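Please find below my notes on the model, set out as numbered points. They are meant to be read with the structure open.

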Amino acid sequence: MRQSKIVIIGDAGSQHISSVAFELLKRGHRVVVVSGDRYRARPEIEGVIYHYIKSDASWLRKALEVRRAVAHFAPDIVHSHYLTYGGVLALLAGRHPHVASVWGDDIWLDPGRSLLNRCLVRSVLRNADLLLPVSEHLRRRCLETSPDCARAQVFQWGVDTALFRFDEKARDAFRRRLGVGDDETLIFSPRALQPSYNHHLLLEAFGRFKPRGAKLLLKRFSVTPGYEEALAQRAQELGIAAQVLWIESLPPAEMSEAFSAADLVVSLSVSDGAPVTVQEAMACSRVVLAADTEGSRDWIKAGRTGFLTALTVEAVTECLGQAFALHSGAKTTYEGNARAYIMDHADRKRCFDRLESIYEGLLH
């Protein structure tokens, strides 16, 4: 694809947005990220232009600002991420061609939260030039939400399989940093802290199972105010506070180390399309326990690459027991299968080759 100017509209603080911007920049494109200032990237990527809109401004002022900004940068492609945030800003910008990525909550949960959300989502779906949902069931959801929506193609963003791979030295160093012994089992739940990711359910199951010599690692990045405090309080009540460890948000290289350090990675989202953290964990040859949803089933093959669970305390507790009961040979087989599946279905280079072909098609 020829070098193009691409404006990405979304949460600049999102690791996903950063990785997309970095990959496009590596491929020689000029990249601009437009985001609300409360989502300011930390750190910003050298070579990427950032433009921040006042998050506390009225929607009229946001509309004027994003239209001016996008017109000033005169992009070849506008690519928004997350319908009810980046998609709405791109709609206000009024620039085409507009590619809108669809992730999960933005089509599965957000439209049901208010009439305004529903109207905004439908407007984005109808006015985009192309929709890129990350799974087939999200593509169907787009059609159910707005039957006259734009053309949609299922698209995977993929994983940097050179970065996300098992590293024994990194594993040992990260576990020492956490104070986890070689003979202890580490369970890692890497999602942001919000109720739809069901950390509370995992906590209840962990408290009921009470595995000896096990630690539960949570990432201290709270989307829902008060949720972290509620989890910490519940851990105290269950008598497992000493077994619950907390870390801050991590850059990709350290996330790879955290996955390597874990014996089991858990993701219990109710609405994932194609869970990136699950794919990254699999690329690191980790056994994954995920919610039994359509999005997870695309990646977790029960009995081959991981475990799927219903979202009840009893079911999660039972699956934890099954994962702990894996003998070393079976665990090694699961881990090898997980890595191989990602290499075959979600290698980032091939995914971005396809993205460039999609862009090229919109420009001609």
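**Notes on the predicted model**

1. The largest cavity in this predicted model has a volume of about 40 Å³. The count of cavities of 30 Å³ or more comes to 1. Its lining is made up of Trp103, Val134, Gln156, Trp157, Gly158, Ala274, Val276 and Gln279. By class, that lining of the largest cavity divides into 5 nonpolar and 3 polar residues, with no charged ones.

2. The second largest pocket holds about 150 Å³ of space. The residues lining this pocket are Thr185, Asp263, Leu264, Val287, Ala323, Phe324, Leu326 and Lys331. In contrast to the cavity lining, which has no charged residues, the pocket lining includes 2 charged residues, along with 5 nonpolar and 1 polar.

3. Helix 11 spans residues 276–283, and 7 of its 8 residues are buried, so the helix is largely enclosed by the rest of the structure. The buried residues are Thr277, Val278, Gln279, Glu280, Ala281, Met282 and Ala283. Gln279 also appears in the lining of the largest cavity. The buried residues of helix 11 pack against helix 10 (252–261), strand 10, strand 11 (287–291) and helix 14 (328–345). After helix 11 comes Ser285, with a positive phi near 60°.

4. How do helix 11 and helix 14 meet, that is, at roughly what angle do their axes cross? The two axes cross at roughly 120° and come within 7 Å. Helix 11 contributes Gln279, Met282 and Ala283 to the contact, and helix 14 contributes Ala338, Arg339, Tyr341 and Ile342. Sorted by class, the contact between these helices has 5 nonpolar, 1 polar and 1 charged residues.

5. Ser267 belongs to strand 10 (residues 264–267). Its relative accessible area is 3%, and because buried means under 20%, Ser267 counts as buried. Setting aside neighbours within four places in sequence, Ser267 is in contact with Arg191, Asp272, Thr277, Val278, Leu289, Ala290 and Ala291. Of these partners, Thr277 and Val278 are among the buried residues of helix 11.

6. Pro211 sits in the loop between helix 8 (199–209) and strand 8 (214–219). Is Pro211 buried or exposed? With a relative accessibility of 6%, Pro211 is buried. Not counting residues up to four places away in sequence, Pro211 touches Phe206, Gln243 and Phe324. Phe324 is also one of the residues lining the second largest pocket. From Pro211 to Ile6 the separation is 205 residues in sequence and 49 Å in space, C-alpha to C-alpha.

7. An open sheet of 6 strands is present, with strand order 3-2-1-4-5-6 and parallel pairing. Strand 3 (49–53) and strand 6 (130–133) form its edges; each has a single partner strand, so one side of each lacks a neighbour in the sheet. On average, neighbouring strands of this sheet are turned by 20° against each other, direction ignored.

8. Within that sheet, strand 4 (residues 77–81) and strand 5 (residues 98–102) run parallel and are joined by 4 bridges. Opposite His81 stands Ser101 of strand 5. Helix 2 (residues 59–73) lies across strand 1 (5–9), strand 2 (30–36), strand 3 and strand 4. Relative to strand 3, helix 2 runs at about 165°.

Technical notes:
Residues are numbered from 1 along each chain as its sequence is written. This is a predicted model: local features need pLDDT of at least 70, side-chain atom pairs count only at pLDDT 80 or more; totals for chains, interfaces and linings use all residues. Side-chain values use heavy atoms; hydrogens and water are left out. On a 1 Å grid over the protein atoms alone, a cavity is a set of points where a 1.4 Å probe fits but cannot get out, and a pocket is an open set with protein on both sides within 12 Å along at least five of seven lines; lining residues have an atom within 4 Å of a point. Grid points are joined across faces, edges and corners, and a volume is the space filled by probe spheres set on the points. Ala, Val, Leu, Ile, Met, Phe, Trp, Tyr, Cys and Pro count as nonpolar, Asp, Glu, Lys and Arg as charged, and the others, Gly among them, as polar. Helices (H or I, at least four residues) and strands (E, at least two) are DSSP runs, numbered from the N terminus. Buried means under 20% relative accessible area, exposed over 50%, partly exposed in between (1.4 Å probe, protein chains only). Contact means heavy atoms within 4.5 Å. Two strands pair if DSSP finds at least two bridges between them. Axes are lines fitted to C-alpha atoms, for helices over the stretch in contact, and angles run from 0 to 180 degrees between N-to-C directions.
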